[in-house]
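Take a look at the structure below. We will walk through it step by step.

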There are 2 protein chains.
Amino acid sequence: MQQVKAIDNHTSSNSGDFLKSVQLFGECTDKEVDLLLEGHILERCTKGKMLFVSGDNAERYYVIKNGWVKIFRETLDGAQAIIDILTEGHTFGETSIFEENTYPYSAEVVEPSEILSLSLRKLRYLIENNPKFALSMLSSMARYRRQQDTEIEHRSLQNAPQRIGCFILRLMPNQNEAKGRPITIHLPYDKTLIASRLGMQPETFSRALSKLKDATGINIKGSTLEIQSIDPLIDFSCSACTSEFPCKDLGCKSCV
Amino acid sequence: MQQVKAIDNHTSSNSGDFLKSVQLFGECTDKEVDLLLEGHILERCTKGKMLFVSGDNAERYYVIKNGWVKIFRETLDGAQAIIDILTEGHTFGETSIFEENTYPYSAEVVEPSEILSLSLRKLRYLIENNPKFALSMLSSMARYRRQQDTEIEHRSLQNAPQRIGCFILRLMPNQNEAKGRPITIHLPYDKTLIASRLGMQPETFSRALSKLKDATGINIKGSTLEIQSIDPLIDFSCSACTSEFPCKDLGCKSCV
DNA sequence: AGATTTACTTGATTAAGGTCAAGGCAAACG
DNA sequence: CGTTTGCCTTGACCTTAATCAAGTAAATCT
């Protein structure tokens, strides 16, 4: 059903460089990176690949080299709650070191992706023996925590068109440079998926997107958006938000 | 306006015992606890006391000895997004060690409370020098993260009466023992506050609560609830939820 | 290319919750 | 003890988004 290829699992050089580029591992020594990479697997996954299911025994954690992965849980009757959709440089499954060694959510590849999987045992070893690294990990978790706080805030304070506007703004890696001049953005994954990522139905998404278009003058062609200026977007979306624009980015590079 | 008393800030014995009873500090040695307590302040706060405001410079973190504290942010036009409402044994403000040394949210006492405040510098020192403690801290943050994930899930999958039912269930410290026999619960803080904690308006809360009453046969007198059996509550509320009942508790003891 | 599936849009309808306004109740105050 | 204040409830109405149902566009397959 799903195609999976192990690209390399012995030469760690490429993956090592990549790992060091990830915020969490940025301050690791070569030796530590080598340790972490022992027994690693780099998989090329196609859309639809389930990496693990909620409740599975957790022995590995994952780092996204590129692509997009949906993190979610589902109810008995099949309804999904999307917790997050992650991309390049994001890690997941690593919190299963603590508590009961099972994954508390499921992970599914939603766009063609390269994904590195690593041993949780070695990660734990590093945390226990290198206070500096433990601190990086804490810092990384604190960052994620703030993001999730913002997420809850968005759900309660923004309406559908505003949430979409905010989503689009966060697709831009550096909004400051985007100020004032036109920009083109490609939606990173299916509209239906963006809809559930933002907690709404596909129909609502479609309608809300055209409301957003009317309100801010953006141009929509399929999954390509043309934005003359981000200012109206900010006015429209961020007015319902607390504090500081911009909200932290979704960690992608979908715009040109 | 608000009454604040420093109860003790030199004798650490009482506070030390308390600190050890908190999950996060459970494995600290006496010496470490003494270090953490250096310069601590134990305040008795009345309803309405603002402990800090989003953006304040962060030099201390807080541990709740008893009472309830609202963690929130607000938009320019005054709307509040409630991030969490914490109680006995919970800590807050400690994530400001990482990143920019400011509080990312505001904290307000919502019921009479005793609150211990401690130096972030000493916490950081402990994290950097004791891998075991760093691990406790990571574990604590992982636990919180799962809770926030559940929170997002609840907001998107449960309707108003179900969210209230779920809230009530989580007020019970150990649902397993409550199985089958009647139980009395006192709502821990104002209904209006519970409403915003659950992301709804006070009017909606009021109406949703009586729907819940009709659906599950619970009895409501002011802020006192009489529950003959929690089973109908579970049937009603948890059907919209993923996975495992019960959801993790809200960390309180409002029932008899 | 044509066929088939999947993704997206649009319209009509319904349900859920928000908003506005008024009234009741209970704790706190003079 | 009555008055005041804040909290809660109820009713009427409105807005938003979900649902149901077609229909269209786009992508995939053979």
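Leaving aside its neighbours within four places in sequence, which residues is A:Phe92 in contact with? The list includes four aromatic or ring-free names to find on screen: A:Phe52, A:Tyr61, A:Leu51 and A:Ile64. A:Tyr62, A:Val69 and A:Ile71 are in contact with A:Phe92 as well. A:Leu86, A:Tyr105 and A:Ala107 complete the set. Keep in mind that this is a predicted model.

A:Phe92 is also part of a bigger group. The largest nonpolar core has 88 residues. Four of them touch the most other members: A:Phe25, A:Phe92, B:Phe25 and B:Phe92.

Now step back to chain A. The chain holds 9 helices and 10 strands. Of its 256 residues, 55% are buried. Next, take the contacts between residues at least 6 apart in sequence. In chain A, 73% of these join residues at least 24 apart.

Next comes the DNA. Start with DNA strand C. It is surrounded by 14 residues. A:Lys191, A:Thr192 and A:Arg207 are among the closest, and so are B:Ala160 and B:Thr204. Which part of the strand lies within 4 Å of the protein? Of those strand atoms, 63% belong to sugar or phosphate, and the rest belong to bases.

Some polar contacts can be picked out one at a time. The side chain of A:Ser206 has an N or O atom 3.2 Å from a phosphate oxygen of DNA strand C. For B:Ala160, a polar backbone atom is 2.8 Å from a phosphate oxygen of this strand. B:Gln201 also uses its backbone: an N or O atom there lies 3.4 Å from a phosphate oxygen of DNA strand C. Which elements give two or more residues to the surface near this strand? They are α7 (191-197) and α8 (202-216) of chain A, together with α8 (202-216) of chain B. By class, this surface has 2 nonpolar, 6 polar and 6 charged residues.

Turn to DNA strand D. Here, too, 14 residues surround the strand. The closest are A:Ala160, A:Thr204, B:Lys191, B:Thr192 and B:Arg207. Of the strand D atoms within 4 Å of the protein, 70% belong to sugar or phosphate. A:Ala160 has a backbone N or O atom 2.7 Å from a phosphate oxygen of DNA strand D. B:Thr192 uses its side chain, with an N or O atom 2.6 Å from a phosphate oxygen. A:Arg207 reaches a base: an N or O atom in its side chain is 2.9 Å from a base oxygen of DNA strand D. At least two residues of the surface near this strand come from each of α8 of chain A, α7 (191-197) of chain B and α8 of chain B. The classes here are 2 nonpolar, 6 polar and 6 charged residues.

Finish with two helices of chain B. Two packed helices are described by the angle and the distance between their axes. Helix α4 (residues 131-157) and helix α5 (residues 160-171) of chain B have axes that come within 9 Å and cross at roughly 145°. On α4(B), the contact is made by B:Glu151, B:His154, B:Arg155 and B:Leu157. On α5(B), the partners are B:Gln162, B:Arg163, B:Cys166 and B:Arg170.

Helix α5 of chain B also holds B:Pro161. Is B:Pro161 buried or exposed? B:Pro161 counts as buried because its relative accessible area is 9%, under the 20% cut-off. Beyond its neighbours within four places in sequence, B:Pro161 is in contact with B:Ala208, B:Lys211, B:Leu212 and B:Phe236.

Conventions:
Residues numbered from 1 in each chain as written. Chains lettered and ligands numbered in written order. Predicted model: local features only at pLDDT ≥ 70, side-chain atom pairs only at ≥ 80, totals over all residues. Heavy atoms only, no water. Near = heavy atom within 4 Å. Polar contact = N/O pair within 3.5 Å; in protein donor to acceptor, adjacent residues only side chain to side chain. Helix = DSSP H or I, 4+ residues; strand = E, 2+ residues; numbered from the N terminus. Nonpolar A, V, L, I, M, F, W, Y, C, P; charged D, E, K, R; others polar. Core = buried A, V, L, I, M, F, W, Y, C linked by side-chain atoms within 4.5 Å. Buried < 20%, exposed > 50% of the residue type's maximum accessible area, 1.4 Å probe, protein only. Contact = heavy atoms within 4.5 Å. Axes fitted to C-alpha atoms, helices over the stretch in contact; angles between N-to-C directions.
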